[in-house]
Amino acid sequence: MRNAPTILHLDMDAFFAQAEQASKPSLRGKAVVVGGLGPRGVVATASYEARVFGVHSAMPMAQARRRAPHAAYLVPRFAFYRSISEQVMGLLRALSPLVEPLSLDEAFVDLDAGRAAWDSDSARLAGIRLRDDIRAVTGLTGSVGLASCKMLAKIASEQAKPDGLVLIEPGTERALLGPLPVRTLPGVGPATGDHLRRAGITTVDEIAEAGEDELVRLLGKAHGHALYAMALARDDRPVVAEREAKSVSVEDTYDVDIHDRVRVELEVQRLAGRCVRRLRGSGLSGRTIVLKVRRYDFSTLTRSETLRGPTDDPGVVREAAARLLDSVDTTGGVRLLGVGVSGLADFTQEDLFAQAAEELADGPEEEHAEEPAGDVPVPVERQWRPGHDVRHAELGHGWVQGSGLGRVTVRFETPESEPGRVRTFRTDDPGLEPAEPLPLVSSKPHGAGGAPAGEPAAEASREVSGEAVGEAIGAAEDEVSGSSGRGGDISVVEFGNSP
Ligand SMILES: [Mg+2]
């Protein structure tokens, strides 16, 4: 661990909700919930005004509606969020070559590697400037944590939220960490947290007091060692630039081709176990399981499966690897096998949800997958999704506030206008058409952003199966377009007085 707080963690504040509020003046200062709007939808992000009512990410949408009935409920606009994310990541890359994005709105930056900071004062200054730049370029706020290691930088940004900066002075790490709940540490998900609680361990100090042997006994060697070190604020994990951070994988090449299918299966199980040990040793979890098979003729296949949520459970990874192997013919013999996990995270459910939804939203063919056809025939050509932008021939730019019963309600406003008026149209009004989101900031004083993201994950075939999110989005559309069966109210998005 270094002796200067030059590792920076940036986390945008309630990113999706804040982007929607910036985009829609009438929602500023109000409770906004972004997520799947159907009966099985879940919350992706809640604005701070909505959090006051106890709404939080990953909560079932029905529950959120009970807690905050007057909030505005919107479906996510991932292409819009991604364009903002590219601006933010561009600013981070201007600080250092070592930028490790964890999601659309969150990243570690090694300021020292970019010579952007070398001690507490210069680090604080870099953090302040970064927050100013993000505000100027995107119009949005992000919180910054600065510390001598990744774990503490992330804890610091959490404490800085919203719209703040926290720097943890070297030497104060353990005192700060001790009283915090065990779930604060990377690698402690719900399951590990429960496990520790049953052993009477609820704070980081109690992990340190339990001792390394006890932790290894409770959690296994790799995980126990790693967690004990974290509890003592020992975290040497480097900030790893995007491409390298994409996966943890292990592979073996065999001197003699393996022909026996049972032996191939056993090898895959063994590799899956090894891969999980490395994953846990790094305090990570991941969503996508990848199997690599090189056959006797040097043809190489990769198969992948994406889970609903991140895992570091050896059983889950083994099962997924076995399923993937089922689809591969190995009769000619195998000379190399590998198992990897990608889509890594430090257990940030909100952002993982976002990524899953993003993948689904990206593939138009995926959007309606799995959703049973409704009883009511739904005209597919005119779907007005709540929150999405539209343009009216005479009234200009606006966004869909709700639709149903053959009507669509539009609020006419832009990021730089006053809160606008609402008008209702027939869904087939010829003057109304879908529109692209308008930029949140009209001029870009810094000209940054738009730096191309790293190479996409190379060979892995992608088979996204985030059903929960897919259903949420599909159901949201059903609700909007198919609500003709329900009585009266045509507005899907509701407004009330903000708290
Ligand atoms: Mg965030």
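Here is a chat about how a few labels on this predicted model are earned.

Me: What makes D11 buried rather than exposed?

Reply: The cut-off for buried is 20 or more other C-beta atoms within 10 Å. D11 has 24 of them, so D11 counts as buried. As for where that is, D11 lies in strand β1, residues 7-12.

Me: Is D105 called buried or exposed, and why?

Reply: Buried, because 26 other C-beta atoms lie within 10 Å of D105, against a threshold of 20. D105 lies in a loop, the one between β5 (99-103) and β6 (106-110).

Me: Why are D11 and D105 said to gather at one spot?

Reply: Both are covered by the UniProt annotation "binding site", which comes from an unreviewed entry. They span 95 residues in sequence, but their C-alpha atoms are no more than 5.8 Å apart, so they come together in one place. The contact list fits in here too: D11 touches D105, along with E106, G142, S143 and S157, leaving aside residues up to four places away in sequence.

Me: What makes E106 buried?

Reply: E106 has 24 other C-beta atoms within 10 Å, and 20 is enough for the label. E106 lies in strand β6, and an unreviewed UniProt entry gives E106 the annotation "active site".

Me: Why does P430 count as exposed?

Reply: Exposed needs 12 or fewer C-beta neighbours. P430 has 8 inside 10 Å, so the label follows. P430 is in the loop between β16 and β17. From there, H392 is 8.9 Å away, C-alpha to C-alpha, with the two positions 38 residues apart in sequence numbering.

Me: Which strands make up the open sheet, and in what order?

Reply: There are five, ordered β16-β15-β14-β13-β17, and the pairing is antiparallel.

Me: What makes β16 and β17 the edges?

Reply: Each has a single partner strand, so β16 (421-426) and β17 (432-434) both have one side without a neighbour in the sheet. On average, neighbouring strands of this sheet are turned by 40 degrees against each other, ignoring direction.

Me: How do you know that β15 and β16 pair?

Reply: At least two bridges are needed for that. β15 (residues 407-412) and β16 have six, in the antiparallel sense, so they qualify as paired. One residue pair to look at is R411 with V422, its bridge partner in β16.

Me: How do you know that the length of helix α5 agrees with what its residues should span?

Reply: α5 runs over residues 120-138, which makes 19 residues, and at 1.5 Å a residue the expected span is 27 Å. Its end C-alpha atoms are 27 Å apart, so the two agree. Just after α5 comes G139, with a positive phi of about 80 degrees.

Me: Why are the buried residues of α5 said to line one face?

Reply: The buried set is A123, A126, G127, L130, R131, D133, I134, V137 and T138. Looking down the helix axis, they fall within an arc of 165 degrees, so one face of α5 holds them.

Me: What does that buried side pack against, and which exposed residues sit on the face turned away?

Reply: The buried residues pack against β1, α4 (78-93), β7 (142-147) and β8 (165-167). On the face turned away from them, α5 carries the exposed residues D121, L125, I128 and D132.

Notes
Residues are numbered from 1 along each chain as its sequence is written. This is a predicted model: local features need pLDDT of at least 70, side-chain atom pairs count only at pLDDT 80 or more; totals for chains, interfaces and linings use all residues. Helices (H or I, at least four residues) and strands (E, at least two) are DSSP runs, numbered from the N terminus. Axes are lines fitted to C-alpha atoms, for helices over the stretch in contact, and angles run from 0 to 180 degrees between N-to-C directions. UniProt positions are given in the numbering used here, feature names are shortened, and annotations may be inferred rather than shown by experiment. Two residues are in contact if their C-beta atoms, placed from the backbone, lie within 7 Å. The expected span of a helix is 1.5 Å times one less than its number of residues. The arc is that of the directions from the helix axis to the C-beta atoms.
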